[in-house]
Amino acid sequence: MAYNNIIVEKRGKVGLITLNRPKALNALNSELIGELNEALAKFEKDDKTGCVVLTGSEKAFAAGADIKEMSSLTYIDAYKNDFITSWDYVSRFRKPIIAAVAGYALGGGCELAMMCDFILAADNARFGQPEITLGVMPGAGGTQRLTRFVGKSKAMEMCLTGRTMDAAEAERSGLASRVVPLDELLEEALKVAEKIADYSLPIAMMTKESVNRAYETTLAEGVRFERRVFHSMFASEDQKEGMAAFVEKRAPQFRNK
Ligand code: CO8
């Protein structure tokens, strides 16, 4: 299906979603978010999709929520319609999803990238939460997720001053998993996604769920959760295949991928 604000493709077992509002530096408006959610829901249902890459253009992953759309919003409308709640579907997407970020990832763009499982950054990436310069603060998890990624001091400085972080600082402080040259970003993201998609999908999904639990509970509870899920993996044919393949010195052929 054709969308107005995103491009959706399949590359083997990898779903590729490209934010595509070039004239507005991929500013996130409600139509774009609706399309993104619909594309993700389709990939979630599609048995032949094992991982998704979310990317933007070389200049901007996304320069934030669409300020022009948001500027006349009233408190009552924001409250009644629970503004932004539908924007965080990415954080509830159950399959692995990688943000491949080049250029600006500001405000809602930075928040969207942080909702993904990890961020691969191009060397020209710039991350920031500049909402304070607009008389608001981050509203799609920025004050919470950025703090968990980079710690209180950096998150507080970024949210209070609106300063941006370059790719090297983002990698150093744990916001990006890795930095790659701009012209290799998409190729590298797709390569990593293919690798993930080649493993057992349910095992990858359980691994994601378990890592995410680290952000939502105590260490003891998280370790307990991990153990329960780990035990359940011994009921899967892919565990039998993965370990048999190791013992027999051959490549595993996972069935559930
Ligand atoms: N919203 C709407 N339009 C935008 C946005 C935006 N966030 N960012 C850029 N644009 C538009 C510009 O208005 C301009 O359009 P036009 O040509 O019609 O005037 C076009 O994109 C190109 O932008 P610039 O001419 O400004 O390009 P520059 O290269 O000079 O500057 C910048 C690039 C530095 C990125 C600059 O555009 C900028 O500062 N943008 C705004 C960044 C910002 O403040 N982002 C935070 C927005 S608030 C927010 O995200 C709240 C989060 C809420 C939750 C979101 C849920 C996911």
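The chain folds into 12 helices and 10 strands. Its radius of gyration comes out at 19 Å, close to the 18 Å that the globule rule gives for 257 residues, so the chain is as compact as a globular protein of that length. All of this describes a predicted model. Laid along its principal axes, the C-alpha trace spans about 60 × 45 × 40 Å. As for burial, 44% of the 257 residues fall into the buried class.

Turning to the surface, two patches can be picked out, one charged and one nonpolar. The charged one is negative, and it is built from Glu58, Asp123, Asp183, Glu184 and Glu187. One of these, Glu184, sits in a loop, with β10 (178–180) on one side and α9 (185–197) on the other. Its relative accessible area is 39%. That makes Glu184 partly exposed, because the value falls between the 20% limit for buried and the 50% limit for exposed. The figure also fits with a place in the patch, since patch residues need over 30% relative accessible area.

The nonpolar patch brings together Ile67, Leu134 and Val136, and their accessible area adds up to about 260 Å². Ile67 belongs to helix α2, which covers residues 67–70. With a relative accessible area of 44%, Ile67 is partly exposed too, and it clears the patch cut-off because that asks for over 30%.

Then there is the backbone. Two residues other than glycine, Asn26 and Lys249, have a positive phi. For Asn26 the angle is near 60°, while for Lys249 it is near 55°. Their surroundings are another matter. Asn26 is found in the loop that runs between β2 (14–19) and α1 (30–45). Despite that loop setting, Asn26 is buried, because its relative accessible area is just 1% and the buried class takes in anything under 20%. Lys249, on the other hand, lies in the segment that follows α12 (237–247). At 78% relative accessibility, Lys249 counts as exposed, because the cut-off for that class is over 50%.

Put side by side, then, the two positive-phi residues fall into opposite accessibility classes: Asn26 is buried, and Lys249 is exposed. Glu184 and Ile67, from the two patches, are both partly exposed, at 39% and 44% respectively.

Methods: Residues numbered from 1 in each chain as written. Predicted model: local features only at pLDDT ≥ 70, side-chain atom pairs only at ≥ 80, totals over all residues. Heavy atoms only, no water. Patch = residues over 30% accessible without salt bridge, like charges linked within 9 Å, V, L, I, M, F, W, Y side chains within 5 Å. Areas by Shrake-Rupley, 256 points an atom, 1.4 Å probe, with all protein chains shown as cover. Salt bridge = Lys/Arg side-chain N within 4 Å of Asp/Glu carboxyl O. Lys, Arg positive; Asp, Glu negative; His and termini not counted. Charge placed at Lys NZ, Arg CZ, Asp CG, Glu CD. Helix = DSSP H or I, 4+ residues; strand = E, 2+ residues; numbered from the N terminus. Buried < 20%, exposed > 50% of the residue type's maximum accessible area, 1.4 Å probe, protein only. Rg over C-alpha atoms; globule rule 2.2 N^0.38 Å.
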